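Work through the exercises below with the sequence and the model open. Each task is followed by a solution in steps.

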Amino acid sequence: MTEQLDAGLVAERIAESDQLGRPSDAHEVGRARRRKEDARLVTGRTTWTDNIQLPGMLYVAFLRSPMAHARITRIDTSAARARPGVVAVHSGQDFADEQGSLPCAWPVTEDILIPDHPPMAVNEVRYAGEAVACVVATDRHRAADALEAIEVDYEPLEAVVDMTEALAEGAPRVHESGNRAFTWKFAQGDIDAAFRDAPVVIEREYVQQRLIPTAMEPRAVVAATDGETFTLHSSTQIPHVLRVMLAMTTGIPEHRLRVIAPDVGGGFGSKLQVTAEEVLALLLTRRLGKPVKWTESRSEGNLTVHHGRDQLQRIRIAAERDGRVRGVKVELLADMGAYLMLVTPGIPLLGAFMYSGIYKMDAYDFTCTGVFTTKMPTDAYRGAGRPEATFAIERAVDELAAELGLDPVEVRRRNWITHEEFPYTTVCGLTYDSGNYEAATDRALALFGYDALRAEQAERRARRDPVQLGVGVSTYTEMCGLAPSRVLGSLSYGAGGWEHATVRMLPTGKVEVVTGTSPHGQGHETAWSQITADALGVPFEDVTVLHGDTAISHKGMDTYGSRSLVVGGVAVLSACEKVKDRARELAAHMLEASADDIEFSDGSFKVRGTAQGRTIQELALAAFAAHDLPDGFEPSLDAESTFDPDNFSFPHGTHLCAVEVDTETGASRIRSYVAVDDVGSVVNPLIVEGQVHGGIAQGIGQALFEEAIHDSEGNLLTTTMSDYLIPSAADLPEFTTDRTETPATSNPLGVKGVGEAGTIASTPAVVNAIVDALRPYGVHDVRMPCTPERVWRTIAEARSTGPAGTGGPPEASAAGSAPTSEGGLR
Amino acid sequence: MISAPFDYIRPASLEEACRALGDAEEAGDDVKVLAGGQSLLPLLRLRLAYPSALVDIGRLPEPRGVEDRGDHVFVGALTTHDEVMRSSVVRELIPLVALATATVADPAVRHRGTFGGSLAHADPAGDLPAVALALDCVFVVRSVDGEREIPASEFFVDYLEPALEPGEILVGVRVPKLGPGWGFHYEKFHRTAQSWATVGVAAAVRLGEGGGGTVEEARIALTNMGPTPVRAHAVEAALRGADFAPSGSNGAPDRIREACDRADEGSVPPTDLHGGPEYRRHLARVLTYRAVRAAGG
Amino acid sequence: MPRITVSVDGVTYEEEVEPRLLLVHLLRDRLGKTGTPIGCDTGNCGACTVTLDGRSAKSCSVLAVQADGSEVVTIEGLARGQEWHPMQEAFHAEHALQCGYCTPGMIMAAIDLLKDDPDPSEEAVRRGLEGNLCRCTGYSNIVRAVQRGAREMARQEAPRETRPETRQEAPAS
């Protein structure tokens, strides 16, 4: 029923936008505009990086280490060089003097160890997949063939796979300097007092398994030079950051380096990186004087696109008997992998302030240790730190509810910040500007049919149905809209969090918006057009949004961390306001009125109380002609703005998930999923809904399907899409979504960001549901991903070790007996 | 990724194909037969196989198609999964084949992948080998020396190893019709819609008069419970004469379940990312019960 | 090197190809049909789905030589002039794409599934698209788009001879 309701709502919104035409009082902001981006995407007229062909282009292929940890004792490239079509073959030694070190922009502590990270390994490899040599050939086939003719001798070194073992005395070292990259601490309030004599203490350990982001477009790079200047096309989220970093790494002067992110097929954080392949492509084109292209294969990408998550969490909650939380203490081990990449060490810090969630408490204590292992480095993946934090607190609050025999929603109600308490400064020191947890939760409960599902659950438990029903709750918030530059500075991040926009009024009255954000699926061309259309009173169709090319958009901080609208969209609005100010001044001059008497509406500047006016298009032409401008007025209406937010934004919401767990096979099936999100004011509800849907799907992926699995030697086993399972349409339910709206007070659009919300919210909702289904069996946790085997084993282990008579349906009819220690990957 | 180079031979007839294959084998070349290529091409692209040549039989006019031949249905090796699923002869006369084929991969793969290719690939995680084994199919293979027949029980020698001699090509499969009174089910358990069966169970069950009576005969085979598909002989024997009435009625023990609890006997389940042997044994028992109930119901 | 003849989006090409050349590489690298992208190397993702002799196929799992004499339709061959195929329209209307990388394959697979089931249920759409992975949308809008496209295609295919008459009396429903 609820699904239909939701589909109906959307259909209504679409119909509305179909029929509306454009009455003069209609706002573009808030309309379900269909996307401008779609035209080229649905017709195949896209420019993916791999589509780019340049005259004389050469193709690069990388030979990658088959071992996680080894010393390179010999590389012989002579046979490969002799292969037909081969132009060059290089090993790391050939680049040693010029390749520099891949950057880490977030040294989170003063004593952090940041090991040298050569783009191509020179003496030692530290993860399977690290590049050790490359071939440049006249086509991709010849390049791939010649790789097999390169001889490399490795002297195996001990792999370091497990974080706990990595920190043990005498463990083999990933780097000479040791396996502990840093320890970062943060404490607020008196944590000892909170735990002293606490009536209830919940202590749990959670595993945030390693994930492979799996954007649908594999990475690709095209580098070219005319001898003076360099152009790099890359499937990246961060053309601007990349340009700065590549200039610093390669020594190519920044002003002679142009970086272009053409159409980019998804990122989810994985393309927020400065990669070895980008650096090496530049070095190769510099050496060879020819354009070079490298395109990743999926199996290569699974090995070498940075991974996400991979944390071990210990969370402790001290609470009163009535469920009120006194304090939370968190200890993290975060797997850095073999090197610190662009923001690797900062990822857990983005979660550090979120373990208090939406709850009030007196004390908080957080410690995180970053650990080196011989695996692909980790870095940003959708949510980056915040999904991990939200998972831990939302799982632990459910455990608290179970411990106290309270409904999980009720425990949350007793702890959350109430709507009249905003703005509220949390125990972590963040000031949540606005929100209404009650409203979102009540709406979600109603859409979900919470009480009916609880009744069905009780009924299934009573009749010992082998298929049990679980209900999972997740009341999340997150900090996004990255970020106030001064806060980033205080956290030792290497750059700011501002965003830039330029608005150009063309002589014919059309508008070009240049944004520093770099969309790769988010729909900025549409949403920025909506903002601009409203601000300037021009038709939506008359706006073009330019992005993703440092020669066109010279200034920006790019797209990640749900920042684009909250920072970049606000910059667009602010630039539009400046254009309007200039237009107002020109209008006043032309109408021989005082600027204070000029009113702006519907794209026209009119003298107050008269019909006399000039449209913004007329003013654009007048500024272009420049025949009659006020004294000292530069002949242009164009304006730019660089916006730096004062605060993060804090979307929140309540996600509810009903899961059927087949206790005989261990299979979990999501039966219904309701998400009510509050992302503040909404520019385009279609885009917001799409972001929520996709986010939920990725969060479900972590809960049920996805894990990068290594063997004890550190080899990745999930190198293909047959092994690393991402869900298809057939594996996911229809989502029921709705919104509540409490505008952000931290920006003039009232927006909060939506890119990561779904992913942050959904993982704990799903796992809470599975655990909820299995509580009668004595189950308190299922490690992610909750694979059928793992669920089955967890039930069996709970049965054999749990207290006798734990109620529920433990004697239900499952065939077979409790497992022994035979085989099985865990 | 990009496959290593290979030669390409496109014979004009099956005879020519056999000859090409025979010649190549004689010369010591590693030649592979290409039909739909849906299993082979990914292996080549990942450079997990380096054949010196492919003999492409994919566009030969025969053997393809489905034919009712009285006591059995002949399914030509080149018949695509999609054609098999659509065939009314298959759906009516050998429905277990239709049920299992519908679970193979995805629609685009089923358009290209062939019935014979899947079987000759002899992947124990494939869905069709267990069906062929359960139904006692007969494999018809041809070489320059002529045709011979291989019973399903002998066709699957080892992991990815069919009982094809050098120079032999699978021409088609005789699928026995089991006649009236039989019910069928293919129970596939997998983690995502696309993934291979963690375990699958092909079941054919014949009940005595009146439907709800006793099991007269059952044929059960398991997918991905060893290096080859596994026939669950112990279950078949134990099911014979078992009361099919719903469990718990009359307080009698559920003999169907007791029988199915023997499903893993004789299996050598593999370990992979989706499950270890112990879990697979358990799944085999659970799924066999479900398959038998569904087939008999 | 084998010489093949293949028709792609209505144009006949004659090409000499290495046997190992994949159909998708022929399309992209040789014929400039870059609308069809590559997302994996195991046939799982479906981004490269095209129509090959009338039915969907993953062009990364077909050799170019296997397509000799065949007719291929890619995402670039769907629109008629400026007029999009109803399924392209539907994906746009229902916001069934974000980054758009899976979209060409998804649209080709969607059109194909309607050949067997012109009015598919939600479940049928989900099953029919199990071989096409999307990382952005969570699929809900894709399912809606396919159903919307199906309705529009059915409307367009309605018997033409009866249309002019009925149009006067009652609008087509």
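## Exercise 1: The nonpolar core

In this predicted model, the largest nonpolar core has 408 residues, and those with the most contacts inside it are A:Val60, A:Val135, A:Val766, A:Ile770, B:Leu96, B:Val131 and B:Ala203.

Task. Find the helix that gives the largest share of this core, then list the contacts of B:Leu96 beyond its neighbours within four places in sequence.

Solution.
1. The largest share comes from helix α18 of chain A, residues 564–591, with 13 residues.
2. Once neighbours within four places in sequence are left aside, B:Leu96 is in contact with B:Val131, B:Leu135, B:Phe184, B:Tyr186, B:Ala202 and B:Ala204.
3. One of these partners, B:Val131, is itself listed among the residues with the most contacts inside the core.

## Exercise 2: Buried or exposed?

Task. Classify A:Val511 as buried or exposed, and do likewise for A:Pro84.

Solution.
1. Locate A:Val511: strand β20 of chain A, residues 511–515, contains this residue.
2. Count its surroundings. A:Val511 has 27 C-beta neighbours inside 10 Å and therefore counts as buried; the cut-off for buried is 20 or more.
3. Not counting residues up to four places away in sequence, A:Val511 touches A:Val503, A:Arg504, A:Met505, A:Leu506, A:Thr532, A:Leu536, A:Val538, A:Asp542 and A:Val543.
4. Locate A:Pro84: the loop between α3 (78–81) and β3 (86–91) of chain A holds this residue.
5. A:Pro84 has 9 C-beta neighbours inside 10 Å, so A:Pro84 counts as exposed; the cut-off for exposed is 12 or fewer.

Task. State how far A:Val511 lies from A:Val674, and A:Pro84 from A:Arg140, along the chain and in space.

Solution.
1. A:Val511 and A:Val674 are 163 residues apart along the chain, and 40 Å separate their C-alpha atoms.
2. A:Pro84 and A:Arg140 are 56 residues apart along the chain, with 12 Å between their C-alpha atoms.

## Exercise 3: Strand β3 of chain C

Task. Describe the strands that β3(C) is joined to and say which of its residues are buried.

Solution.
1. β3(C) runs antiparallel to β4(C), and four bridges join the two. Within this pairing, C:Val50 has C:Ala57 as its bridge partner.
2. The two strands form a hairpin with two residues between them, and C:Asp53 in the turn has a positive phi of about 50°.
3. β3(C) is also antiparallel to strand β5 of chain C (residues 71–73), with two bridges. Here C:Thr51 has C:Val73 as its bridge partner.
4. C:Thr49 and C:Thr51 lie on one side of β3(C), C:Val50 and C:Leu52 on the other, and all are buried, leaving both faces covered.

## Exercise 4: The two domains of chain C

Task. Give the bounds of the domains of chain C and describe the side of domain 1 that touches domain 2.

Solution.
1. The domain assignment gives domain 1 as 3–77 and domain 2 as 86–158.
2. Taken over C-alpha atoms, the centres of the two domains are separated by 21 Å.
3. The contact involves 15 residues of domain 1 and eleven residues of domain 2.
4. On the domain 1 side, β3 (49–52) and β4 (55–58) each supply at least two residues. β3(C) gives the most, with three residues.
5. By class, the residues on this side are six nonpolar, eight polar and one charged.

Task. Explain why α3(C) is described as largely enclosed by the rest of the structure.

Solution.
1. α3(C) spans residues 103–116, which makes 14 residues. The helix reaches 21 Å from its first C-alpha to its last, close to the 20 Å expected.
2. Twelve of the 14 residues are buried, so α3(C) is largely enclosed.
3. Among the buried residues are C:Met106, C:Ile107, C:Met108, C:Ile111, C:Asp112 and C:Leu113.

## Exercise 5: What chain C touches

Task. Describe the side of chain A that touches chain C.

Solution.
1. In this contact, 43 residues of chain A meet 48 residues of chain C.
2. The elements that give two or more residues on the chain A side are α1 (2–19), α2 (38–43), α10 (298–304) and α20 (685–705).
3. α20(A) gives the most, with six residues.
4. This side divides into 18 nonpolar, 18 polar and seven charged residues.

Terms used:
Residues are numbered from 1 along each chain as its sequence is written. Chains are lettered from A and ligands numbered from 1 in the order in which they are written. This is a predicted model: local features need pLDDT of at least 70, side-chain atom pairs count only at pLDDT 80 or more; totals for chains, interfaces and linings use all residues. The expected span of a helix is 1.5 Å times one less than its number of residues. Domain bounds come from an automatic or database domain assignment. Two residues are in contact if their C-beta atoms, placed from the backbone, lie within 7 Å. Ala, Val, Leu, Ile, Met, Phe, Trp, Tyr, Cys and Pro count as nonpolar, Asp, Glu, Lys and Arg as charged, and the others, Gly among them, as polar. A nonpolar core is a set of buried Ala, Val, Leu, Ile, Met, Phe, Trp, Tyr and Cys residues joined through C-beta atoms within 7 Å. Two strands pair if DSSP finds at least two bridges between them.
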